[in-house]
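Here's a quick briefing on aromatic rings and enclosed space. Have the model open while you read.

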Amino acid sequence: MTVLNLGIVAHVDAGKTSLTERLLYAGGVIDTIGSVDAGSTQTDSLALERRRGITIKTAVASFPVGGTTVNLIDTPGHPDFIAEVERALRVLDGAVLVVSAVEGVQAQTRVLMRTLRRLAVPTLIFVNKVDRSGAREESLLRDITRRLTDRAVAVSTVRGLGTSDAAVQPRADDELVAKLVEIDGGDELLGAYVRGQIAYREMRELLAQSSRAGKAYPVFFGSAVTGAGIPELLDGLAELLPSATGDSRKPLSGTVFKVERDRAGAKVAYVRLFDGTLRVRDHLGKDAVVTALETASGPCREIGAGEIGRVHGLKAVRIGDPIGRPHERGNMQVFAPPTLETAIVPARESDRPALHDALTQLAEQDPLINLRSDLTVSLYGEVQKEVIETTLAEDYRLTVGFRPTTTIHVERPISVGVAGETMKKDGNPYFATLELRVEPADGFTMELDVPAEQLPIYLFRTTELFQAALEETARRTLEQGLYGWQVIDVKVTVTRCGFGAPLTTPADYRKLLPLVLMAALKDAGTTVCEPIQRFDLDGPADTLGPVLGLLGKLGAVPEKQEADLDAYVISGLVPAARLKDLEPALPGLTRGEGVVESTFAGYRQVAGPPPTRARWDDNPLDRAEYLLRVERRVAVRQVSDTSA
């Protein structure tokens, strides 16, 4: 039996989870169809999901379609939980993008479609809610073609649109042929069809080939509530999307895309295997023995290439970990990192250790919250903050508050900086010598540029282990630079090193390196940079003036502008912190017709005084002590230079 790992993705409230319920019901997995409003859906298992009526965590279910087992992955629709979607996209063979026939193409719909196209994930588009008043068909198809993809191919049409009796029927053959000819540019194909030399069945196979290759995007109409169009969609899953590939005889290769804990508190890893076979009692490293395996249909003894399974026994497992050989799809960055942060404050100070433990478990499930030891976490939005608060209260019985949400900035070194400490000189309290050079780079790198005899190999056994230990401490130190923000795009080079055997210990280097690194950073100087979003904004032609005025007030930089008699499109850059002001103001300026879509575009230097991040207590030493020592070292060096 073949396997299809299928993702259901959509803008929030497009009916994604309702469609999941309908597919599971049609596949015979559930006896009754759950309701999002009633909180009785199969895949929204969290109590908070049921109350709020939104999907927060990725869920996996399975059902058969003919000779294919479909592993259905229901993902969140709210942009605050885009990290869950990212992890799901890494393991998909195909996707269904749900669009509401009433609300139409939304900003998140466009983000998802663009990502699916960039990752070459074959995708079917399902237009839901055709039974709702205000549902559209032809005008929505034009919107899909204009705003999502010009390779959309409608395979069904609706009779009784916008009524409870709405029914779906196949599109006329000539419409399907015309669109396929437009996509493939085959006059010969069109001529053969006109001459009656190609049957409709062959045309469907040509559509299937184009769809599986990501060259065409079949569009289905239907209703998850009434079931209209669901049989046609089910047939399309098996016919138009590719099944999982992989060889169970090859070396093991897979990735962990989700981690949760069972009732006993043990970790359970969700794994997609690309190649090889994983069996119970397999050893995957130190303290990593597979004790049990499950698929969506129940316990099993092994899972093979192409399958998704729940793996028990991996005590230290994290999201993104490879299973066996790393695979290129395992750790690819799909969406931008969070651009907001907040500090979580326990109601009782005595709860701080328990709060840290609870947040550590939440970070296992969502590494992008990037928990720091000062209980600061990264966020995509305010709804995510509400979910964290409720989860801590209900699952861990912890009452917490939050400091105001702020935009995450970063620091970059301005130039080359050098600093060093010599053992037994200038008040160096540590029994080690260390000199570092920092300089601008692309990403973070660390190198050793010292003779082998200067390295304390007797402490670390190999040069590689010594460098790894220094790199770990350097990464921690660089989490907060001169202004308190993480330092990025920096190269750190060890230019001098020394020790005094047998008195020098690893702790001497761990404690000395932060002091020297901060001094080198101060010598180089850092600049504070803010996150920038690239935006595409479209609206009615007569609203262009007010929209340009708003963009100017928000510090946006329009780079490209196209307009005709009916509409305009503006592309440019805007500070991420100001995007939240643009999005709610746009409907009022454009009569509700304007849409803005944005993607992360990197960081740029802030204008004016650099903002300082005040929470500095998650480095190995107190940051105030760092800076005092740095000032003293710089002053001593300046006096020495003057005396010389």
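What follows covers the ring pairs, a charge over a ring, and a cavity.

This is a predicted model. It holds five aromatic pairs and one cavity of 30 Å³ or more. Phe460, Phe466 and Tyr509 are worth a look, since ring pairs link them into a cluster and they turn up again among the residues lining the largest cavity.

**Aromatic pairs**
- Phe460 and Phe466 have ring centres 5.1 Å apart and planes at 55°, so this pair counts as tilted.
- Phe466 also pairs with Tyr509, this time edge-to-face, with 5.4 Å from centre to centre and 80° between the planes.
- Phe466 sits in helix H13 (residues 463-477) and Tyr509 in helix H14 (residues 506-524), so their pair ties together parts 43 residues apart in sequence.

**Burial**
- Phe460 and Phe466 are both buried, with Phe466 at 0% relative accessibility.
- Tyr509 comes in at 1% relative accessibility, so it counts as buried too.

**The cavity**
- The largest cavity has a volume of about 40 Å³.
- Its lining is made up of Phe460, Phe466, Ala469, Leu470, Thr473, Pro506, Tyr509, Arg510 and Leu513.
- Helices H13 and H14 each supply at least two of the lining residues.
- Sorted by class, the lining has seven nonpolar residues, one polar and one charged.

**A charge over a ring**
- Elsewhere on the topic of rings, Lys258 lies over the face of Tyr270, at 4.9 Å from the ring centre.

Note on methods
Residues are numbered from 1 along each chain as its sequence is written. This is a predicted model: local features need pLDDT of at least 70, side-chain atom pairs count only at pLDDT 80 or more; totals for chains, interfaces and linings use all residues. Side-chain values use heavy atoms; hydrogens and water are left out. Rings of Phe, Tyr and Trp (its six-membered ring) pair if their centres lie within 6.5 Å; planes under 30 degrees apart count as stacked, over 60 as edge-to-face and the rest as tilted. Buried means under 20% relative accessible area, exposed over 50%, partly exposed in between (1.4 Å probe, protein chains only). Helices (H or I, at least four residues) and strands (E, at least two) are DSSP runs, numbered from the N terminus. A charge sits over a ring if NZ of Lys or CZ of Arg is within 6 Å of the ring centre and within 35 degrees of the ring normal. On a 1 Å grid over the protein atoms alone, a cavity is a set of points where a 1.4 Å probe fits but cannot get out, and a pocket is an open set with protein on both sides within 12 Å along at least five of seven lines; lining residues have an atom within 4 Å of a point. Grid points are joined across faces, edges and corners, and a volume is the space filled by probe spheres set on the points. Ala, Val, Leu, Ile, Met, Phe, Trp, Tyr, Cys and Pro count as nonpolar, Asp, Glu, Lys and Arg as charged, and the others, Gly among them, as polar.
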